Amino acid sequence: MHGEYKVPGGKLVVVDLEVEGGLLHDVTVAGDFFLEPDEAILAINGALEGAPASTDTAGLASRITAALPESTVMLGLTPEGVGIAVRRALARATGWRDYDWQLVHAEPQAPALHMALDEVLTSEVAAGRRPPTLRVWEWASPAVVIGSFQSLRNEVDPEGVSRHGMTVVRRVSGGGAMFVEPMSTITYSLSVPESLVSGLSFADSYAFLDEWVLGALGDMGIKAWYQPLNDIATDAGKIAGAAQKRMIGPDGGPGAVLHHVTMSYDIDAEKMLEVLRIGKEKMSDKGTRSAKKRVDPLRRQTGLTREQVIENMIASFRARYGLTTGEVTAEEMTRAQDLVRTKFATEEWTARVP
(Lines give C-alpha, C1' and ligand atoms only; values in the text may rest on other atoms or scores of the structure.)
Protein backbone atom coordinates (compact mmCIF):
# COMPACT_ATOMS: atom_id res chain seq x y z
CA MET A 1 0.00 0.00 0.00
CA HIS A 2 1.21 3.46 -0.85
CA GLY A 3 0.20 6.78 0.70
CA GLU A 4 1.31 10.37 0.15
CA TYR A 5 0.64 13.56 2.08
CA LYS A 6 2.12 17.03 1.76
CA VAL A 7 2.40 18.64 5.17
CA PRO A 8 0.77 22.10 5.00
CA GLY A 9 3.61 24.58 4.64
CA GLY A 10 6.04 21.67 4.67
CA LYS A 11 7.21 18.76 2.56
CA LEU A 12 5.92 15.58 0.98
CA VAL A 13 5.69 12.45 3.13
CA VAL A 14 5.49 9.07 1.39
CA VAL A 15 4.66 5.81 3.17
CA ASP A 16 4.79 2.29 1.77
CA LEU A 17 3.52 -0.56 3.92
CA GLU A 18 1.79 -3.91 4.10
CA VAL A 19 -0.81 -5.24 6.53
CA GLU A 20 -0.48 -8.70 8.01
CA GLY A 21 -2.83 -10.04 10.66
CA GLY A 22 -4.30 -6.57 11.13
CA LEU A 23 -0.87 -5.05 11.90
CA LEU A 24 1.35 -2.70 9.91
CA HIS A 25 4.30 -4.50 8.34
CA ASP A 26 7.33 -3.54 6.21
CA VAL A 27 6.75 0.17 6.83
CA THR A 28 9.00 2.58 4.95
CA VAL A 29 8.72 6.35 5.35
CA ALA A 30 10.36 8.61 2.77
CA GLY A 31 10.04 12.11 1.33
CA ASP A 32 11.76 15.41 0.58
CA PHE A 33 11.71 16.55 4.21
CA PHE A 34 14.73 17.23 6.44
CA LEU A 35 15.40 15.07 9.49
CA GLU A 36 18.24 14.87 11.98
CA PRO A 37 19.82 12.64 13.16
CA ASP A 38 19.85 10.03 10.40
CA GLU A 39 18.73 7.25 12.72
CA ALA A 40 15.48 9.14 13.41
CA ILE A 41 14.01 7.73 10.19
CA LEU A 42 14.67 4.22 11.47
CA ALA A 43 12.96 5.15 14.73
CA ILE A 44 9.89 6.34 12.80
CA ASN A 45 9.72 3.14 10.75
CA GLY A 46 10.18 1.07 13.89
CA ALA A 47 7.46 2.94 15.76
CA LEU A 48 4.96 2.15 13.01
CA GLU A 49 5.99 -1.48 12.56
CA GLY A 50 3.45 -3.73 14.28
CA ALA A 51 0.96 -0.96 14.99
CA PRO A 52 -2.67 -2.04 14.65
CA ALA A 53 -4.00 -1.00 11.24
CA SER A 54 -6.99 0.51 13.04
CA THR A 55 -4.81 3.07 14.87
CA ASP A 56 -5.96 6.62 14.13
CA THR A 57 -3.70 9.51 13.11
CA ALA A 58 -3.27 10.77 16.67
CA GLY A 59 -2.31 7.31 17.88
CA LEU A 60 0.26 6.86 15.12
CA ALA A 61 1.73 10.30 15.82
CA SER A 62 1.99 9.44 19.50
CA ARG A 63 3.92 6.24 18.74
CA ILE A 64 6.33 8.17 16.51
CA THR A 65 6.88 10.97 19.04
CA ALA A 66 7.65 8.48 21.80
CA ALA A 67 10.22 6.65 19.65
CA LEU A 68 12.19 9.66 18.37
CA PRO A 69 15.66 10.39 19.79
CA GLU A 70 15.67 13.42 22.09
CA SER A 71 17.86 15.40 19.70
CA THR A 72 15.52 14.94 16.72
CA VAL A 73 14.93 17.94 14.48
CA MET A 74 12.14 17.80 11.88
CA LEU A 75 11.88 20.34 9.07
CA GLY A 76 8.89 20.07 6.74
CA LEU A 77 7.77 16.95 8.61
CA THR A 78 5.57 16.25 11.61
CA PRO A 79 4.55 13.03 13.39
CA GLU A 80 0.95 13.90 12.51
CA GLY A 81 1.90 14.24 8.83
CA VAL A 82 3.40 10.75 8.85
CA GLY A 83 0.28 9.43 10.56
CA ILE A 84 -1.93 10.97 7.88
CA ALA A 85 0.22 9.45 5.12
CA VAL A 86 -0.20 6.04 6.79
CA ARG A 87 -3.97 6.47 7.01
CA ARG A 88 -4.09 7.50 3.33
CA ALA A 89 -2.11 4.38 2.39
CA LEU A 90 -4.52 2.20 4.34
CA ALA A 91 -7.50 3.95 2.72
CA ARG A 92 -5.93 3.47 -0.72
CA ALA A 93 -6.23 7.19 -1.34
CA THR A 94 -5.59 8.57 -4.79
CA GLY A 95 -3.32 11.49 -5.67
CA TRP A 96 -3.82 14.67 -7.69
CA ARG A 97 -1.89 13.27 -10.66
CA ASP A 98 -4.00 10.13 -10.83
CA TYR A 99 -6.72 12.02 -12.69
CA ASP A 100 -7.34 13.83 -15.95
CA TRP A 101 -8.52 17.18 -14.62
CA GLN A 102 -11.02 19.28 -16.54
CA LEU A 103 -11.34 23.07 -16.50
CA VAL A 104 -14.74 24.74 -16.78
CA HIS A 105 -14.53 28.53 -17.19
CA ALA A 106 -17.68 29.87 -18.84
CA GLU A 107 -19.44 33.18 -19.39
CA PRO A 108 -20.93 35.10 -16.44
CA GLN A 109 -23.85 33.31 -14.83
CA ALA A 110 -26.54 34.18 -12.32
CA PRO A 111 -25.80 33.54 -8.62
CA ALA A 112 -28.51 30.86 -8.23
CA LEU A 113 -27.19 29.01 -11.29
CA HIS A 114 -23.71 28.90 -9.76
CA MET A 115 -25.18 27.26 -6.65
CA ALA A 116 -26.94 24.68 -8.82
CA LEU A 117 -23.90 23.96 -11.00
CA ASP A 118 -21.84 23.15 -7.91
CA GLU A 119 -24.38 20.54 -6.86
CA VAL A 120 -24.84 19.04 -10.33
CA LEU A 121 -21.17 18.83 -11.33
CA THR A 122 -20.11 17.34 -8.00
CA SER A 123 -22.88 14.74 -8.16
CA GLU A 124 -21.68 13.86 -11.66
CA VAL A 125 -18.14 13.35 -10.34
CA ALA A 126 -19.58 11.14 -7.58
CA ALA A 127 -21.39 9.07 -10.20
CA GLY A 128 -18.24 8.70 -12.31
CA ARG A 129 -19.77 10.48 -15.30
CA ARG A 130 -17.52 13.55 -15.04
CA PRO A 131 -13.76 13.80 -14.42
CA PRO A 132 -12.50 15.80 -11.44
CA THR A 133 -13.23 19.41 -12.29
CA LEU A 134 -11.84 22.86 -11.55
CA ARG A 135 -14.62 25.36 -12.26
CA VAL A 136 -13.76 29.06 -12.27
CA TRP A 137 -16.85 31.22 -11.76
CA GLU A 138 -17.78 34.43 -13.54
CA TRP A 139 -20.59 36.41 -11.89
CA ALA A 140 -23.45 38.00 -13.86
CA SER A 141 -24.60 40.16 -10.94
CA PRO A 142 -23.64 41.13 -7.38
CA ALA A 143 -24.73 38.73 -4.67
CA VAL A 144 -24.69 37.70 -1.05
CA VAL A 145 -24.13 33.96 -0.67
CA ILE A 146 -24.98 32.59 2.76
CA GLY A 147 -23.90 29.27 4.20
CA SER A 148 -26.26 26.30 4.34
CA PHE A 149 -26.88 26.68 8.07
CA GLN A 150 -26.82 30.46 8.50
CA SER A 151 -29.82 32.49 9.59
CA LEU A 152 -30.95 34.77 6.77
CA ARG A 153 -32.11 37.61 9.01
CA ASN A 154 -29.02 37.41 11.22
CA GLU A 155 -26.58 37.61 8.30
CA VAL A 156 -28.19 39.90 5.75
CA ASP A 157 -29.51 43.47 5.94
CA PRO A 158 -32.48 43.53 3.53
CA GLU A 159 -32.40 47.32 3.15
CA GLY A 160 -28.74 47.24 2.15
CA VAL A 161 -29.38 44.37 -0.25
CA SER A 162 -32.20 46.27 -1.93
CA ARG A 163 -30.31 49.56 -2.08
CA HIS A 164 -27.28 47.96 -3.77
CA GLY A 165 -29.19 45.60 -6.08
CA MET A 166 -27.80 42.42 -4.55
CA THR A 167 -29.23 38.92 -5.00
CA VAL A 168 -29.28 36.68 -1.90
CA VAL A 169 -28.75 32.95 -2.43
CA ARG A 170 -27.98 30.04 -0.11
CA ARG A 171 -25.34 27.45 -1.02
CA VAL A 172 -25.25 23.75 -0.12
CA SER A 173 -22.07 24.02 1.97
CA GLY A 174 -21.63 25.42 5.45
CA GLY A 175 -19.50 28.37 6.49
CA GLY A 176 -20.07 32.11 6.46
CA ALA A 177 -21.57 34.71 4.17
CA MET A 178 -19.83 35.85 0.99
CA PHE A 179 -20.11 39.40 -0.33
CA VAL A 180 -19.74 39.27 -4.11
CA GLU A 181 -19.25 41.94 -6.74
CA PRO A 182 -18.45 40.53 -10.20
CA MET A 183 -15.20 42.37 -10.90
CA SER A 184 -14.01 42.27 -7.29
CA THR A 185 -14.35 38.54 -6.57
CA ILE A 186 -12.54 35.40 -7.72
CA THR A 187 -14.44 32.18 -7.03
CA TYR A 188 -13.62 28.62 -7.98
CA SER A 189 -14.88 25.14 -7.18
CA LEU A 190 -13.11 21.79 -7.03
CA SER A 191 -15.37 18.78 -7.58
CA VAL A 192 -13.22 15.78 -6.66
CA PRO A 193 -13.64 12.05 -5.98
CA GLU A 194 -13.85 11.19 -2.30
CA SER A 195 -10.78 8.98 -2.72
CA LEU A 196 -8.61 12.07 -3.19
CA VAL A 197 -9.16 13.00 0.46
CA SER A 198 -9.34 9.46 1.87
CA GLY A 199 -7.49 9.13 5.15
CA LEU A 200 -7.82 12.84 5.90
CA SER A 201 -9.98 14.32 8.62
CA PHE A 202 -12.58 16.84 7.52
CA ALA A 203 -10.35 19.67 8.78
CA ASP A 204 -7.20 18.26 7.13
CA SER A 205 -9.00 18.04 3.79
CA TYR A 206 -9.36 21.83 3.74
CA ALA A 207 -5.61 22.34 3.97
CA PHE A 208 -4.99 19.54 1.46
CA LEU A 209 -7.34 20.96 -1.18
CA ASP A 210 -6.06 24.51 -0.63
CA GLU A 211 -2.41 23.54 -1.14
CA TRP A 212 -2.37 24.16 -4.90
CA VAL A 213 -3.75 27.69 -4.63
CA LEU A 214 -1.19 28.57 -1.96
CA GLY A 215 1.43 27.54 -4.51
CA ALA A 216 -0.28 29.61 -7.20
CA LEU A 217 -0.30 32.65 -4.93
CA GLY A 218 3.36 32.03 -4.13
CA ASP A 219 4.12 32.08 -7.85
CA MET A 220 2.62 35.60 -7.88
CA GLY A 221 4.79 36.73 -4.99
CA ILE A 222 2.22 36.31 -2.21
CA LYS A 223 3.23 34.35 0.87
CA ALA A 224 -0.07 32.82 1.95
CA TRP A 225 -1.05 30.04 4.29
CA TYR A 226 -4.03 27.95 5.35
CA GLN A 227 -5.61 29.27 8.54
CA PRO A 228 -7.93 26.74 10.23
CA LEU A 229 -10.65 26.01 9.67
CA ASN A 230 -11.37 27.51 6.29
CA ASP A 231 -9.41 30.71 5.61
CA ILE A 232 -6.44 31.60 3.42
CA ALA A 233 -4.42 34.42 4.93
CA THR A 234 -1.30 36.55 4.51
CA ASP A 235 0.58 38.87 6.83
CA ALA A 236 -1.65 41.67 5.50
CA GLY A 237 -4.94 39.89 6.27
CA LYS A 238 -7.43 37.32 5.03
CA ILE A 239 -7.73 36.94 1.26
CA ALA A 240 -10.06 33.95 0.89
CA GLY A 241 -12.48 31.59 2.57
CA ALA A 242 -13.38 28.01 1.68
CA ALA A 243 -16.37 25.75 2.23
CA GLN A 244 -17.09 22.07 1.54
CA LYS A 245 -19.93 19.66 0.93
CA ARG A 246 -19.66 15.86 0.81
CA MET A 247 -21.94 14.03 -1.64
CA ILE A 248 -22.73 10.33 -1.52
CA GLY A 249 -22.21 8.25 -4.65
CA PRO A 250 -24.80 6.10 -6.40
CA ASP A 251 -26.30 3.37 -4.19
CA GLY A 252 -24.43 4.77 -1.20
CA GLY A 253 -20.99 4.07 -2.71
CA PRO A 254 -17.91 6.32 -2.74
CA GLY A 255 -18.91 9.88 -3.42
CA ALA A 256 -17.35 13.23 -4.16
CA VAL A 257 -16.30 16.39 -2.37
CA LEU A 258 -17.22 19.94 -3.35
CA HIS A 259 -14.57 22.43 -2.21
CA HIS A 260 -15.21 26.01 -3.24
CA VAL A 261 -13.22 29.13 -2.46
CA THR A 262 -14.05 32.82 -2.72
CA MET A 263 -11.12 35.21 -2.96
CA SER A 264 -11.22 38.99 -2.63
CA TYR A 265 -9.59 40.61 -5.63
CA ASP A 266 -10.93 43.99 -4.51
CA ILE A 267 -13.54 45.00 -1.97
CA ASP A 268 -15.90 47.88 -1.20
CA ALA A 269 -15.83 47.54 2.57
CA GLU A 270 -18.37 50.30 3.16
CA LYS A 271 -20.90 48.57 0.92
CA MET A 272 -20.16 45.19 2.50
CA LEU A 273 -20.97 46.60 5.94
CA GLU A 274 -24.29 47.93 4.62
CA VAL A 275 -25.24 44.54 3.21
CA LEU A 276 -23.92 42.05 5.80
CA ARG A 277 -24.63 42.05 9.51
CA ILE A 278 -21.10 41.44 10.81
CA GLY A 279 -21.39 41.07 14.54
CA LYS A 280 -18.98 42.20 17.24
CA GLU A 281 -18.38 38.59 18.34
CA LYS A 282 -17.22 37.60 14.84
CA MET A 283 -14.93 40.59 14.61
CA SER A 284 -13.45 39.88 18.04
CA ASP A 285 -12.97 36.23 17.10
CA LYS A 286 -10.89 37.30 14.09
CA GLY A 287 -8.73 39.52 16.30
CA THR A 288 -9.48 42.72 14.38
CA ARG A 289 -11.21 45.97 15.22
CA SER A 290 -13.15 46.56 12.03
CA ALA A 291 -14.45 44.68 9.03
CA LYS A 292 -12.29 46.81 6.76
CA LYS A 293 -9.16 45.31 8.31
CA ARG A 294 -10.31 41.71 8.00
CA VAL A 295 -9.73 41.38 4.26
CA ASP A 296 -6.70 42.48 2.23
CA PRO A 297 -7.52 42.18 -1.47
CA LEU A 298 -5.39 40.53 -4.14
CA ARG A 299 -5.47 43.65 -6.30
CA ARG A 300 -3.30 45.54 -3.84
CA GLN A 301 -1.06 42.60 -3.05
CA THR A 302 -0.34 41.56 -6.65
CA GLY A 303 -0.74 44.68 -8.77
CA LEU A 304 -2.24 42.39 -11.43
CA THR A 305 -5.63 42.59 -13.11
CA ARG A 306 -8.32 40.16 -11.99
CA GLU A 307 -8.04 38.36 -15.33
CA GLN A 308 -4.29 38.00 -14.93
CA VAL A 309 -4.67 36.54 -11.44
CA ILE A 310 -7.18 33.97 -12.73
CA GLU A 311 -4.97 33.10 -15.72
CA ASN A 312 -1.98 32.63 -13.41
CA MET A 313 -3.99 30.40 -11.07
CA ILE A 314 -5.18 28.20 -13.93
CA ALA A 315 -1.66 27.99 -15.37
CA SER A 316 -0.28 27.00 -11.96
CA PHE A 317 -2.85 24.21 -11.56
CA ARG A 318 -2.16 22.96 -15.11
CA ALA A 319 1.60 22.90 -14.50
CA ARG A 320 1.16 20.88 -11.30
CA TYR A 321 -1.50 18.35 -12.25
CA GLY A 322 -2.49 18.78 -15.90
CA LEU A 323 -5.73 20.40 -17.01
CA THR A 324 -7.79 20.14 -20.19
CA THR A 325 -10.47 22.65 -21.16
CA GLY A 326 -14.03 21.35 -20.97
CA GLU A 327 -17.56 22.64 -20.56
CA VAL A 328 -20.83 22.03 -18.81
CA THR A 329 -22.78 19.54 -20.90
CA ALA A 330 -26.29 20.30 -22.15
CA GLU A 331 -27.70 17.66 -19.80
CA GLU A 332 -25.82 19.10 -16.81
CA MET A 333 -27.04 22.62 -17.64
CA THR A 334 -30.63 21.43 -17.93
CA ARG A 335 -30.41 19.77 -14.53
CA ALA A 336 -28.85 22.89 -13.02
CA GLN A 337 -31.57 25.13 -14.44
CA ASP A 338 -34.20 22.79 -13.02
CA LEU A 339 -32.52 23.06 -9.62
CA VAL A 340 -32.56 26.85 -9.85
CA ARG A 341 -36.31 26.73 -10.44
CA THR A 342 -37.12 24.13 -7.79
CA LYS A 343 -34.54 24.93 -5.12
CA PHE A 344 -31.92 27.65 -5.31
CA ALA A 345 -34.15 30.53 -6.48
CA THR A 346 -37.00 29.66 -4.11
CA GLU A 347 -37.85 31.52 -0.94
CA GLU A 348 -38.27 28.17 0.81
CA TRP A 349 -34.59 27.30 0.27
CA THR A 350 -33.11 30.77 0.76
CA ALA A 351 -34.99 31.30 4.03
CA ARG A 352 -34.85 27.69 5.23
CA VAL A 353 -33.09 29.06 8.31
CA PRO A 354 -35.09 32.32 8.70
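Which residue in strand 3 is the bridge partner of E20? Select E20 and look across to strand 3: the partner is L23. Keep in mind on this tour that the model is predicted.

**Stop 1: the first three strands**

Stay with this pair of strands for a moment. Strand 2 covers residues 12–20, and it pairs with strand 3 in the antiparallel sense over seven bridges. The hairpin they make has two residues between the strands, and G21 there takes a positive phi near 60°.

Now select V13, in strand 2. Its bridge partner in strand 3 is G31. Look also for Y5, which stands opposite V13. That brings in strand 1 (residues 2–6), which pairs with strand 2 in the antiparallel sense over five bridges. Five residues lie between the strands in this hairpin, and G9 has a positive phi near 75°.

Before leaving, click on D26, found in strand 3 (residues 23–31). Its phi is near 55°, a positive value in a residue other than glycine. Is D26 buried, partly exposed or exposed? D26 counts as partly exposed because its relative accessibility is 47%, and the exposed class begins over 50%.

**Stop 2: a cis bond at P37**

Next, select E36 and P37. The peptide bond from E36 to P37 is cis, with omega near -5°. P37 belongs to the loop between strand 4 (34–36) and helix 1 (39–48). With 16% relative accessibility, P37 counts as buried. What does P37 touch, leaving aside its neighbours within four places in sequence? Show P69, S71 and T72: P37 is in contact with these residues.

For a sense of distance, add E107 to the selection. P37 and E107 are 70 residues apart in sequence, and their C-alpha atoms are 55 Å apart in space.

Then pick F34, which is found in strand 4. Together with V73 and L75, F34 forms a nonpolar patch on the surface, with about 300 Å² of accessible area in total.

**Stop 3: a three-stranded sheet**

Move along to strands 8, 9 and 10. They form an open sheet in the order 9-8-10, with mixed pairing. Which strands stand at the edges? Strand 9 (167–170) and strand 10 (178–180) do; each has a single partner strand, so one side of each is left without a neighbour in the sheet. On average, neighbouring strands here are turned by 20° against each other, direction ignored.

Zoom in on strand 8 (residues 143–146), which runs antiparallel to strand 10 and is joined to it by three bridges. One place to look is V144, whose bridge partner in strand 10 is F179. Now show helix 4 (residues 111–126), which lies across strand 8 and strand 9 and runs at about 15° to strand 9.

**Stop 4: salt bridges**

The structure holds 13 salt bridges. Begin with helix 4 still on screen and select E119 with K343: their side chains meet in a salt bridge (2.9 Å, N to O). This pair links distant parts of the chain, with K343 in helix 12 (residues 330–344) and E119 in helix 4, 224 residues apart. E119 counts as buried, at 19% relative accessibility.

Next, select D266 and R299, whose side chains meet at 2.8 Å, N to O, in another salt bridge. D266 lies in the loop between strand 15 and helix 8 (269–275), while R299 lies in helix 10 (residues 298–302), so the pair ties together parts that are 33 residues apart in sequence. D266 is partly exposed at 23% relative accessibility, and R299 is partly exposed at 46%.

Return to helix 12 for R341 and D338, which form a salt bridge at 3.8 Å, N to O. Both lie in this helix, three residues apart, about one turn. R341 counts as exposed at 58% relative accessibility, whereas D338 is partly exposed at 35%. Finally, show E124, R129 and R335: salt bridges that share partners join them into one network.

**Stop 5: two last backbone features**

Select P228 and L229 to find a cis peptide bond, with omega near 0°. L229 is in the loop between strand 12 (225–227) and strand 13 (231–234).

End at D251, in the loop between strand 14 (237–247) and strand 15 (256–264). Its phi is near 60°, a positive value in a residue other than glycine, and D251 counts as exposed, with 85% relative accessibility.

Definitions and conventions
Residues numbered from 1 in each chain as written. Predicted model: local features only at pLDDT ≥ 70, side-chain atom pairs only at ≥ 80, totals over all residues. Heavy atoms only, no water. Helix = DSSP H or I, 4+ residues; strand = E, 2+ residues; numbered from the N terminus. Buried < 20%, exposed > 50% of the residue type's maximum accessible area, 1.4 Å probe, protein only. Pairing = 2+ DSSP bridges. Axes fitted to C-alpha atoms, helices over the stretch in contact; angles between N-to-C directions. Contact = heavy atoms within 4.5 Å. Patch = residues over 30% accessible without salt bridge, like charges linked within 9 Å, V, L, I, M, F, W, Y side chains within 5 Å. Areas by Shrake-Rupley, 256 points an atom, 1.4 Å probe, with all protein chains shown as cover. Salt bridge = Lys/Arg side-chain N within 4 Å of Asp/Glu carboxyl O.
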